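Trainee: Could you take me through one part of this structure slowly, and then show me what lies around it? I am new to this, so please keep to plain words.

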Amino acid sequence: MTAIEKDPVVEPAAVEAPRGRLAGLAPYATALRAAGGLLTVVGAYLPWATFVLNDGPYPEKATLEFFTAPLGVSGFRLHLLVFGIAAIVLAFVPAVPARGRILRALGWGVVAVSVVNGMYITTQGGGFGAITAADGAVAFGAIVALIGGAVLLVGAFAGGLEGHARWGRPLGRFVEWALLLVIYALLLLLVAAVLTSGGQGSVANPYSGAVFLSFLGALGGLLAALHSAGVVTWVTGMSERHRAYSAIVLLAVALLLPLTAAGTQYWMTVAANIGVYAATAIGLNIVVGLAGLLDLGYVAFLGIGAVVAANFSGATAARFDIVLPFPLVMVISAVVAGIFGAIVGSPTLRVRGDYLAIVTLAFGEIFVRSSQNNIGGLTGGSNAIPGIPPVTAFGQPFNESLTIGSVELPAGALYYFLIVVIVAAVMAVFGNLKNSRLGRAWIAIREDEDAARAMGIRTGPVKILAFMIGATLAGLAGAFFAHKTGTVSYESFRFLESVTLLAAVILGGMGTIPGAVLGASILFVLPEKLREFADYRLLIFGIALVLIMRFRPQGLVPDAHRRAELAPQSEPPPPDGSTGPAAAKVAAS
Amino acid sequence: MSGKHAAPEAPRAAIGQSILSAEGVTMQFGGLRALNDVSFGLSEGEIIGLIGPNGAGKTTFFNCLTGLYAPTSGSVALRGTPLPQDPAKVTDRGIARTFQNIRLFPSMTAEENVLVGRHVRMKQGPLSSLLHGPAFKRSEAEARSRTAELLEFVGLSRFSDELARNLPYGDQRRLEIARALATEPSVLLLDEPTAGMNAQETEATRQLIFKIRDLGTSVVVIEHDTKFIFTLCDRVLVLVQGELLVEGTPDEVRGDPRVVEAYLGAPPDEVEHQIHAAEETP
Ligand SMILES: Nc1ncnc2c1ncn2[C@@H]1O[C@H](COP(=O)(O)OP(=O)(O)OP(=O)(O)O)[C@@H](O)[C@H]1O
Ligand SMILES: [Mg+2]
């Protein structure tokens with residue numbers, strides 16, 4: 001073991017030279033970077049709002065005068081302060097690998113935070129006066145910070161972007177275990193912080209949406225910076241080396257969430273909802289991400305699972321008078337949904353691509369319409385099926401709080417535990433199948449269906465299996481959903497829901513587990529967090545999706561394969577043999 | 001690294017019983033008759049070359065043999081049993097192919113591509129795929145070791161974890177061969193395996209095909225490079241406008257004026273000269 005090996009080895013990364021006009025600024029890169037950082041710090045200490053807004057004072061003492069409380073900055077101003085100082089330090093420390101890339105990430109973070117808060121104060125305060133000068137008061141925080149972020153970005157680009165830093169060799173097993181434990185614990189705190197950031201939107205807390213979005217912006221910048229610095233890749237590599245250990249620790253960590261700041265009934269409910277959609281998204285990921293079959297009616301399987309569970313729950317509106325134990329109900333729901341999956345999947349034998357999407361769309365619509373009209377008396381029609389009793393075990397209803405010794409679990413924590421276990425099971429199913437003969441057959445079909453057939457894959461049954469297994473997982477989640485929400489109505493399973501799930505899969509990264517979970521979390525937390533933007537919610541949502549697809553088409557957590565597929569490629573395409581080099585070859589001699 | 005002048009002729013294996021046969025295969029696309037009453041037989045241990053000008057119907061013939069197209073009339077049989085009209089089943093029966101315009105699974109690694117080729121020979125049901133029990137681990141290990149052997153065989157071991165799309169062009173063609181071999185075929189159909197390759201790679205491919213033949217797989221090769229075909233094959237078929245024009249040993253075909261005329265559409269003498277010239281250049 002040589003000395004070089006001990007330190008994280010940084011692979012020599014080619015610097016992407018700045019292009020166009022930025023090239024001229026290259027000599028000033030350091031100055032620009034430092035100036036950007038400095039402006040950000042100044043912005044953080046300037047007042048942000050000229051007056052107290054109508055709905056109540058903007059958070060983090062936005063009207064406080066310049067530099068009044070140097071150590072008292074908090075919230076978004078603290079984020080900016082940290083980013084600014086980090087940028088100044090990085091500007092002058094040459095030995096940091098991927099410096100330009102890290103600075104760029106910080107720059108985007110600063111821009112995001114200042115834009116979110118600035119725009120919010122502007123709209124709520126009735127114009128630009130709120131963030132410039134009004135009534136004899138000045139507040140240029142937002143503008144100065146925004147300029148700081150922009151200068152930082154220019155400086156980052158002008159100095160050239162290096163490749164992502166890479167860290168070298170693995171450490172000893174126990175060291176890595178300990179590190180992973182710490183990292184996963186931090187992850188738990190981070191998840192709790194994201195969930196609770198901004199708090200629960202209410203009259204008393206009018207700016208929760210803005211605080212949350214600002215927090216997300218800062219978090220995005222931070223994660224991008226860590227990614228550039230190679231930390232994310234390093235952690236991923238480490239967790240892949242210790243798969244079983246990581247799985248167990250992550251499961252344990254997830255079960256600890258009720259003990260953090262997020263341990264209230266409200267956040268437990270939100271987390272359980274996320275879990276339902278995460279499980280469903282993973283199921284959809286089999287169909288779309290692995291087998292490459294576009295399914296636009298997928299949420300119907302969640303609905304089928306929920307309806308089946310509701311009918312065996314003993315609710316007054318239930319069709320059957322039998323009350324079955326919950327585990328059995330889950331199995332039945334999953335099986336019934338799976339059967340429908342196979343039925344919907346069978347047309348896939350004949351149709352491909354766009355046509356398949358239409359077939360699945362139609363199926364989703366058939367489900368919604370027939371449940372709306374209460375066909376077969378199974379769905380309660382427009383009255384829905386209300387009053388589904390909660391799951392109980394050992395006499396303990398899952399929707400009530402529970403005290404074990406000195407630990408008090410909030411109401412909803414038991415449901416949260418249950419969904420964590422379900423999601424873990426669904427992940428295991430996905431992971432195992434992906435790395436098997438069947439999973440490879442799905443991916444082969446996605447890549448090239450004719451070539452897959454030429455390799456002996458019976459594409460028909462294999463595709464139906466994808467639909468069936470995906471639907472089964474959704475059905476499982478549906479049974480949980482029915483009991484947890486207590487009401488099953490067709491309204492929960494409309495086309496928009498299918499689209500959102502699909503967006504979750506694509507946004508998170510096709511074919512990956514963390515991608516589907518992250519995508520589902522974002523898409524189902526955002527509406528919860530942005531209640532006050534009610535009217536603009538879908539708009540914001542849409543813009544965010546467009547931006548992400550434009551700048552990160554491979555999704556937030558891309559599959560290693562797709563990442564490579566979408567990476568810019570300079571290789572010329574192979575010559576197409578169909579034109580035939582026959583004559584050329586003979587004549588050339 | 002064999003000498004250029006005397007490319008070693010691999011000893012021809014004894015040619016055995018007929019293995020693959022086509023009887024009067026005709027393929028009509030609307031008004032176009034791409035294949036007209038084509039018959040042929042392939043024996044065990046034999047390498048057959050299929051040549052012909054662009055659009056002659058060579059690829060169409062492969063598609064008919066592998067069940068991708070259902071011939072308008074005629075039949076195809078493997079060891080006397082008619083082949084089903086389903087590429088997957090045909091592969092299962094023991095015919096594998098490569099494609100003229102490389103059809104790898106681009107965003108799977110080289111290893112995964114070959115593993116997909118193992119699909120028909122792996123015993124691993126959906127339940128086993130789900131539970132990853134001991135039987136699963138055995139079949140997975142077996143498939144991976146076989147895959148490693150095949151990558152070694154075609155000389156691609158070092159690219160095992162590389163995505164297929166990132167491989168150099170010639171290596172993609174070799175990977176396609178490894179993937180086809182993974183299905184343990186008794187007949188291998190190669191559609192222009194050296195298209196786009198340089199002389200050295202072409203020579204390596206020639207040796208590879210000999211090695212494949214020596215391992216007991218009969219081979220049919222489509223190729224425009226006549227030098228390649230004449231030095232590789234035991235028999236050569238010439239297809240022109242969907243008709244089987246000439247069939248014979250390389251020497252017979254090379255000297256046949258009809259071939260020279262129809263295949264190249266030029267006065268025989270000149271073309272003859274060109275063919276010989278092509279053979280002499282490395
Ligand atoms: N699926 C199809 N539908 C209609 N016409 C087809 C189809 N496949 C092939 N053809 C036509 O059949 C003829 C033979 O094509 P084929 O691809 O078999 O030629 P080839 O001998 O392989 O030529 P090349 O040397 O260029 O590869 C061509 O005229 C082609 O356009
Ligand atoms: Mg062809």
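Mentor: Let's start with a right-handed β-α-β unit, made by β7(B), helix α7 (residues 199-214) of chain B and β8(B). Please keep in mind that this is a predicted model.

The two strands of this unit also pair with one another: strand β7 (residues 187-191) of chain B and β8(B) run parallel and are joined by 5 bridges. To find one of these bridges on your screen, go to D191(B), whose bridge partner in β8(B) is I222(B). Strands of a sheet pair through backbone hydrogen bonds, and the pairing can be parallel or antiparallel.

Now stay with β8(B) and look at its other pairing. Strand β3 (residues 47-51) of chain B is joined to β8(B) by 4 bridges, and these strands run parallel. Here a good place to look is G49(B), which has V221(B) as its bridge partner in β8(B). So how many of the residues of strand β8 are buried? The count is 5 of the 5 residues in strand β8 (residues 218-222) of chain B, so the strand is largely enclosed by the rest of the structure. "Buried" here means under 20% relative accessible area.

Next, see which way the side chains of β8(B) go. S218(B), V220(B) and I222(B) point one way, V219(B) and V221(B) point the other way, and all are buried. In a regular strand, side chains alternate between the two faces of the sheet.

From the strands, let's move to a helix of chain B that is also well covered. In α1(B), 7 of the 8 residues are buried, so this helix is largely enclosed by the rest of the structure. The buried residues are K58(B), T60(B), F61(B), F62(B), N63(B), C64(B) and L65(B). An α-helix has 3.6 residues a turn, so residues three or four places apart point the same way. Just after α1(B) you come to G67(B), which takes a positive phi of about 85°.

Helix α1(B) also leads us to ligand 1, since α1(B) gives the most to the shell around ligand 1, with 3 residues. Both β2 (32-43) and α1 (58-65) of chain B supply at least two residues of that shell. Of the 15 residues around ligand 1, those that come nearest are K58(B), T59(B), T60(B), Q100(B) and H224(B). By type, the shell divides into 5 nonpolar, 8 polar and 2 charged residues. Which chains share the site? Residues from chains A and B surround ligand 1, so the site is shared between chains.

Zoom in on the oxygen atoms of ligand 1 and you can pick out some short distances. The side chain of K58(B) has an N or O atom 2.8 Å from an oxygen atom of ligand 1. For Q100(B), a side-chain N or O atom is likewise 2.8 Å from an oxygen atom of ligand 1. With G57(B) it is a backbone N or O atom that lies 2.9 Å from an oxygen atom of ligand 1. Taken alone, ligand 1 exposes 630 Å², and the protein buries 68% of that.

Strand β2 brings us to another sheet in chain B. This one is an open sheet of 4 strands in the order β2-β1-β4-β5 (chain B), with antiparallel pairing. Its edge strands are β2 and β5 (81-82) of chain B, each pairing on one side only. Inside the sheet, strand β1 (residues 18-29) of chain B and strand β4 (residues 73-78) of chain B pair in the antiparallel sense over 5 bridges. Two places to check are T26(B), whose bridge partner in β4(B) is S73(B), and L20(B), which stands opposite L78(B) in β4(B).

L78(B) is a handy residue to follow, as L78(B) also has T81(B) as its bridge partner in β5(B). In total, 2 bridges join β4(B) to β5(B), and these strands run antiparallel. The hairpin of β4(B) and β5(B) has 2 residues between the strands, and in this hairpin R79(B) takes a positive phi near 50°.

Note on methods: Residues are numbered from 1 along each chain as its sequence is written. Chains are lettered from A and ligands numbered from 1 in the order in which they are written. This is a predicted model: local features need pLDDT of at least 70, side-chain atom pairs count only at pLDDT 80 or more; totals for chains, interfaces and linings use all residues. Side-chain values use heavy atoms; hydrogens and water are left out. A residue is near a molecule or strand if one of its heavy atoms lies within 4 Å of it. A polar contact is a pair of N or O atoms within 3.5 Å; within protein, one must be able to donate a hydrogen and the other to accept it, and residues adjacent in sequence count only if both atoms are side-chain atoms. Accessible areas come from the Shrake-Rupley method with a 1.4 Å probe; for residues, only the protein chains shown count as cover. Ala, Val, Leu, Ile, Met, Phe, Trp, Tyr, Cys and Pro count as nonpolar, Asp, Glu, Lys and Arg as charged, and the others, Gly among them, as polar. Buried means under 20% relative accessible area, exposed over 50%, partly exposed in between (1.4 Å probe, protein chains only). Two strands pair if DSSP finds at least two bridges between them. A crossover is right-handed if, with the strands pointing away from the viewer, the path from the first strand over the helix to the second runs clockwise.
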